[in-house]
Amino acid sequence: MNSNLLLYVMTGAVVVSTIAILMQFLLMYQLVRAVKGMDTKLQELVGRVDPLLDKAMVTLDEGRKQIADVAAQASEVLEMGRKQLTTIDFVLSDVSARSKQQLDRAELVLDDAMARFQETVALLHGGFVKPIREINGLVAGFRAGLSQFLRGGRPTVAQATQDDEMFI
């Protein structure tokens with residue numbers, strides 16, 4: 001019975017391994033079918049994506065070129081702006097220096113004119129006004145003397161008091 005039992009066990013093992021191999025075969029067959037289905041769908045997807053990918057690459061290249069052009073133009077604009085700012089700075093510095101020189105000159109001219117005006121006023125005062133005042137004083141004195149002389153006699157008390165009050 002040992003040999004029959006061993007035969008049964010071995011037959012059972014062969015049957016179980018055959019069933020396992022058949023099941024593996026069926027699973028592999030299903031797996032191959034699923035992979036083929038995925039391959040067809042993947043091929044369809046690649047067929048649709050390839051033109052889009054080509055267009056995307058062309059668009060990306062154009063975008064890169066446009067960005068490079070814009071960057072170059074921006075660089076040129078910035079360079080021109082820098083040059084213009086340098087020119088403006090130079091012009092403003094020059095205008096500022098010239099304005100300062102002109103203001104200094106105007107101040108010198110104004111100081112000279114004021115000095116001459118003061119000299120002229122001093123000359124007029126010394127040359128005309130002072131002699132006129134002196135002459136006016138002499139005339140007033142002469143008039144007072146003449147009126148005193150022509151009045152004759154002594155002044156009255158009221159007149160003398162009035163004259164004294166004027167001096168006080």
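A surface patch here joins residues that have over 30% relative accessible area and no salt bridge, nonpolar side chains being linked within 5 Å. In this predicted model, one such nonpolar patch of about 590 Å² is formed by Leu-42, Leu-45, Val-46, Val-49, Leu-53, Met-57 and Leu-60. Leu-60 belongs to helix H1, which covers residues 2-151, and is partly exposed with a relative accessible area of 40%.

The protein chain contains two helices and zero strands. Of its 168 residues, 0% count as buried. The accessible surface of the chain amounts to about 15800 Å², and carbon and sulfur atoms contribute 68% of this area.

Helix H1 departs from a straight course. Its end C-alpha atoms are only 195 Å apart, whereas a straight helix of 150 residues would span 224 Å at 1.5 Å a residue. A kink of about 35° in H1 is centred on His-125.

Side chains of opposite charge can pair when their charged atoms come close. The whole structure holds four salt bridges, among them the following pairs.

| Salt bridge | N to O distance | Separation in H1 |
|---|---|---|
| Arg-82 and Glu-79 | 2.4 Å | three residues |
| Arg-98 and Asp-94 | 3.3 Å | four residues |
| Asp-112 and Arg-116 | 3.3 Å | four residues |

Arg-82 is partly exposed at 46% relative accessibility, and its partner Glu-79 is partly exposed at 33%. Arg-98 counts as exposed at 53%, while Asp-94 is partly exposed at 30%. Likewise, Arg-116 is exposed at 55%, and Asp-112 is partly exposed at 39%.

Key
Residues numbered from 1 in each chain as written. Predicted model: local features only at pLDDT ≥ 70, side-chain atom pairs only at ≥ 80, totals over all residues. Heavy atoms only, no water. Patch = residues over 30% accessible without salt bridge, like charges linked within 9 Å, V, L, I, M, F, W, Y side chains within 5 Å. Areas by Shrake-Rupley, 256 points an atom, 1.4 Å probe, with all protein chains shown as cover. Salt bridge = Lys/Arg side-chain N within 4 Å of Asp/Glu carboxyl O. Buried < 20%, exposed > 50% of the residue type's maximum accessible area, 1.4 Å probe, protein only. Expected span 1.5 Å × (residues − 1). Bend = angle between axes of the 7 residues up to and from the residue.
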